Amino acid sequence: MSPSEPFLVHIRCDTDGYTHAVTEDEFATGRHDGRFRAVCGHVVLAAPMIEEPGRFDPACREVLRGDATPSVPRQERRRSRWRSRR
């Protein structure tokens with residue numbers, strides 16, 4: 001991983017069963033309510049951590065490979081709460 005690549009956390013979604021890629025910033029934003037915006041745009045409701053990882057989400061895979069762009073319009077993306085308080 002090069003320094004310019006974001007650190008990713010893989011989180012299984014309780015609603016669709018897929019494991020999604022979530023950036024470090026999005027993880028920090030959603031850590032208190034257990035909802036995270038994946039790189040594909042899906043809002044991940046974190047499954048209990050005792051569950052096995054699910055199949056990796058095909059939409060996240062496409063975004064990470066550069067074959068697709070996130071499907072969430074820019075105005076709907078959340079900003080990190082901790083950064084806005086500075």
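In the predicted model, the hairpin formed by strands S1 and S2 has six residues between the strands, and Gly17 adopts a positive phi near 80° in this hairpin. The model is a prediction, and its mean pLDDT is 82, with 76% of residues reaching 70 or more. Confidence is not uniform along the chain: over residues 73-86 the pLDDT stays under 50. For that segment the model has 17 contacts beyond four places in sequence.

The protein contains three helices and four strands. Read from the N terminus, the order of these elements is β-β-α-β-β-α-α. Of the 86 residues, 29% are buried. The accessible surface amounts to about 6200 Å², and carbon and sulfur atoms contribute 50% of that surface. Among contacts with a separation of 6 or more, 54% join residues that lie 24 or more positions apart.

Strand S1, which spans residues 8-12, pairs with S2 in the antiparallel sense, and five bridges connect the two strands. Within this pairing, Leu8 has Thr23 of S2 as its bridge partner, while Ile11 is placed opposite His20 of S2. Strand S2 is mostly covered, since four of its five residues are buried.

The largest nonpolar core comprises twelve residues. Its members are Ile11, Cys13, Ala21, Val22, Phe36, Ala38, Val39, Cys40, Val44, Phe56, Cys60 and Val63. Two elements give two or more residues to this core, namely strand S2 (19-23) and helix H2 (58-65). In soluble globular proteins, nonpolar side chains tend to be buried together. Phe56, one of the core residues, touches His10, Tyr18, Thr19, His20 and Ala21, as well as Arg61 and Leu64, when residues up to four places away in sequence are not counted. Its contacts therefore include Ala21, which is also listed in the core.

A second phenylalanine, Phe27, is located in helix H1, which covers residues 24-30. With a relative accessible area of 33%, Phe27 is partly exposed. Because a core member must be buried, which requires a relative accessible area under 20%, Phe27 at 33% does not qualify for the nonpolar core. Phe27 nevertheless touches Val9, Ile11, Val22 and Phe36, again leaving out residues up to four places away in sequence. Of these partners, Ile11, Val22 and Phe36 are core residues. The C-alpha atoms of Phe27 and His10 are separated by 9.8 Å, the two residues being 17 residues apart along the chain.

Strand S1 also takes part in a polar link. The structure holds one salt bridge, in which the side chains of Arg12 and Glu51 meet with an N to O distance of 3.9 Å. This pair connects distant parts of the chain: Arg12 belongs to strand S1, whereas Glu51 lies in the loop between strand S4 (43-45) and H2, 39 residues apart. Both side chains belong to partly exposed residues, with relative accessible areas of 27% for Arg12 and 36% for Glu51. Neither residue is therefore buried, as both values lie above the 20% limit for burial.

Key. Residues are numbered from 1 along each chain as its sequence is written. Side-chain values use heavy atoms; hydrogens and water are left out. A nonpolar core is a set of buried Ala, Val, Leu, Ile, Met, Phe, Trp, Tyr and Cys residues joined through side-chain atoms within 4.5 Å. Buried means under 20% relative accessible area, exposed over 50%, partly exposed in between (1.4 Å probe, protein chains only). Contact means heavy atoms within 4.5 Å. Two strands pair if DSSP finds at least two bridges between them. Accessible areas come from the Shrake-Rupley method with a 1.4 Å probe; for residues, only the protein chains shown count as cover. pLDDT is the predictor's confidence in each residue, from 0 to 100. A salt bridge is a side-chain nitrogen of Lys or Arg within 4 Å of a carboxyl oxygen of Asp or Glu.
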